[in-house]
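These are my notebook entries on one structure. I wrote down what I looked up, in the order I looked it up.

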Amino acid sequence: MIGGTSTGGLIAIMLGRLRMTIEHCITAYCILADKVFEKKSHRVTLNGKVQGRFSAAQLEKVVKKVIVEQNLNQDELFKDPADSCKV
């Protein structure tokens with residue numbers, strides 16, 4: 001069994017579900033982190049609304065790219081086959 005929250009959860013999925021090598025996981029995570037976790041200059045909009053720290057749309061885009069690079073369908077649900085690592 002492997003698990004995590006936030007960045008640990010992303011790494012758990014890459015190692016456990018996508019079966020990436022540690023080296024490939026590190027490379028993919030560094031690219032993902034650079035694109036997803038960049039700081040926004042202002043979190044408050046002109047009309048006073050507070051924005052999230054990071055873009056959920058950007059996270060989804062980058063995660064789907066990692067999935068496709070593993071030759072998997074980006075929209076397929078990650079169901080647990082009986083013999084797989086539980087993530």
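**Entry 1: a charged pair**

I began with lysine 64, which forms a salt bridge with glutamate 60; their closest N and O atoms are 3.1 Å apart. I noted that the model is a predicted one. Side chains of opposite charge can pair when their charged atoms come close. Both residues belong to helix 3, and because they are four residues apart there, about one helical turn separates lysine 64 from glutamate 60. I also recalled that an α-helix has 3.6 residues a turn, so residues three or four places apart point the same way.

I then looked up how open the two residues are. Lysine 64 has 23% relative accessibility and so counts as partly exposed. Glutamate 60 is partly exposed too, at a relative accessible area of 44%.

**Entry 2: a second partner**

Which other residue forms a salt bridge with lysine 64? I found aspartate 75, with the closest N and O atoms 3.3 Å apart. Aspartate 75 lies in the segment after helix 3 while lysine 64 is in helix 3, so this pair ties together parts that are eleven residues apart in sequence. Aspartate 75 counts as exposed, because its relative accessibility is 53% and the cut-off for exposed is over 50%. I recorded Glu60, Lys64 and Asp75 as linked in a network of salt bridges.

**Entry 3: the remaining bridge**

How many salt bridges does the count come to? The count is three. I had not yet written down the one between glutamate 69 and lysine 65, where the closest N and O atoms are 3.6 Å apart. These two residues are also in helix 3, and being four residues apart, glutamate 69 and lysine 65 are separated by about one helical turn. Glutamate 69 is partly exposed at 44% relative accessibility. Lysine 65 is partly exposed, with a relative accessible area of 45%.

**Entry 4: helix 2 against helix 3**

Next I turned to packing. Two packed helices are described by the angle between their axes and the distance between the axes. Helix 2 covers residues 22-36 and helix 3 covers residues 56-69; they pack at an angle of about 160 degrees, with axes 9 Å apart. That makes helix 2 roughly antiparallel to helix 3, because the cut-off for that word is an angle over 145 degrees. Their crossing is right-handed.

Which residues make the contact? From helix 2 I listed Leu32, Lys35 and Val36. From helix 3 I listed Gln58, Leu59, Val62, Val63 and Lys65. Sorted by kind, the residues of this contact are five nonpolar, one polar and two charged. Lys65 is thus in my notes twice, in the contact and in the salt bridge with glutamate 69.

**Entry 5: alanine 33**

I looked up alanine 33, which is in helix 2. Is alanine 33 buried or exposed? Alanine 33 is buried, with a relative accessible area of 18%. Its C-alpha atom is separated by 9.3 Å from that of valine 62, and the two residues are 29 apart along the chain.

**Entry 6: helix 1**

I finished with helix 1, residues 7-17. Its buried residues are Gly9, Leu10, Ala12, Met14, Gly16 and Arg17. What covers these buried residues includes helix 2 and helix 3. After helix 1 comes arginine 19, which has a positive phi, near 55 degrees.

Conventions: Residues numbered from 1 in each chain as written. Predicted model: local features only at pLDDT ≥ 70, side-chain atom pairs only at ≥ 80, totals over all residues. Heavy atoms only, no water. Axes fitted to C-alpha atoms, helices over the stretch in contact; angles between N-to-C directions. Parallel < 35°, antiparallel > 145°, perpendicular 65-115°, else oblique. Left-handed = near helix turned anticlockwise from the far one by under 90°. Contact = heavy atoms within 4.5 Å. Nonpolar A, V, L, I, M, F, W, Y, C, P; charged D, E, K, R; others polar. Buried < 20%, exposed > 50% of the residue type's maximum accessible area, 1.4 Å probe, protein only. Salt bridge = Lys/Arg side-chain N within 4 Å of Asp/Glu carboxyl O.
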